[in-house]
Amino acid sequence: MTPRELLRAAERARRASYAPYSRFAVGAALLSSSGRVYLGCNVENASFGLSICAERSAIFQAISAGEREFTAIAVTAGTGQGAPPCGACRQVLAEFGLDLWVHYRDMRGRLVRRRLRALLADAFHLKPPGGRR
Ligand code: THU
């Protein structure tokens, strides 16, 4: 699957966005190592702080389906808007590997392709007692 195809999937996911407060609709598509694509959109709440970003919606969806390894994520906020993942989402994605490719557009609409490692320097990790499952 190419970055452009993954971005197209993110655009599809964006259509489901629930963002009545910010009116800023975001879509994400996460590609697992098994080749499946998991979609996510932002879901806002009247209690603003409870809103969730598209990237975290996508990864929680994937983890809930039993996935643990990912190769790429594409994020889109629509034309004319950049969509670099926020810091909270970078940290959540980092839990499952810093080699992840992250695709998004910058404010000028140019495609950006970065490893999560480059987007989140010095990521926080905790060694789980007894190993990860
Ligand atoms: N948002 C995302 O979905 N992903 C990001 O990386 C940044 C922000 C959402 C959260 C909120 O619903 C809206 O965009 C405005 O911040």
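**View 1. Polar contacts of the ligand with Ala54, Glu55 and Cys86 in the predicted model.** A backbone N or O atom of Ala54 is placed 2.9 Å from an oxygen atom of the ligand, and a backbone N or O atom of Cys86 lies 3.0 Å from a ligand oxygen atom. For Glu55 the side chain takes part, with one of its N or O atoms 2.7 Å from an oxygen atom of the ligand. Of the 370 Å² of accessible area that the ligand has on its own, the protein covers 76%.

**View 2. The ligand in the largest pocket, with the residues that surround it.** The ligand sits in the largest pocket, and the residues around the ligand are Ser22, Phe24, Val26, Asn42, Glu44, Cys53, Ala54, Glu55, Pro84, Pro85 and Cys86. Sorted by class, this shell consists of 7 nonpolar, 2 polar and 2 charged residues.

**View 3. The cysteine sulfurs of Cys53, Cys86 and Cys89.** A disulfide is a covalent bond between the sulfur atoms of two cysteines, and with a cut-off of 2.5 Å between the sulfur atoms the count comes to 0 disulfides. The closest cysteine sulfur to that of Cys53 belongs to Cys89 and is 3.8 Å away, so this pair is too far apart for a bond. For Cys89, the closest cysteine sulfur is that of Cys86, also at 3.8 Å, which is likewise too far for a bond.

**View 4. Solvent accessibility of Cys53 and Cys89.** Cys53 has a relative accessibility of 23% and therefore counts as partly exposed, whereas Cys89, with a relative accessible area of 1%, is buried.

Technical notes: Residues are numbered from 1 along each chain as its sequence is written. This is a predicted model: local features need pLDDT of at least 70, side-chain atom pairs count only at pLDDT 80 or more; totals for chains, interfaces and linings use all residues. Side-chain values use heavy atoms; hydrogens and water are left out. A residue is near a molecule or strand if one of its heavy atoms lies within 4 Å of it. A polar contact is a pair of N or O atoms within 3.5 Å; within protein, one must be able to donate a hydrogen and the other to accept it, and residues adjacent in sequence count only if both atoms are side-chain atoms. Accessible areas come from the Shrake-Rupley method with a 1.4 Å probe; for residues, only the protein chains shown count as cover. On a 1 Å grid over the protein atoms alone, a cavity is a set of points where a 1.4 Å probe fits but cannot get out, and a pocket is an open set with protein on both sides within 12 Å along at least five of seven lines; lining residues have an atom within 4 Å of a point. A molecule sits in a cavity or pocket if more than half of its atoms lie within 2 Å of its grid points. Ala, Val, Leu, Ile, Met, Phe, Trp, Tyr, Cys and Pro count as nonpolar, Asp, Glu, Lys and Arg as charged, and the others, Gly among them, as polar. Buried means under 20% relative accessible area, exposed over 50%, partly exposed in between (1.4 Å probe, protein chains only).
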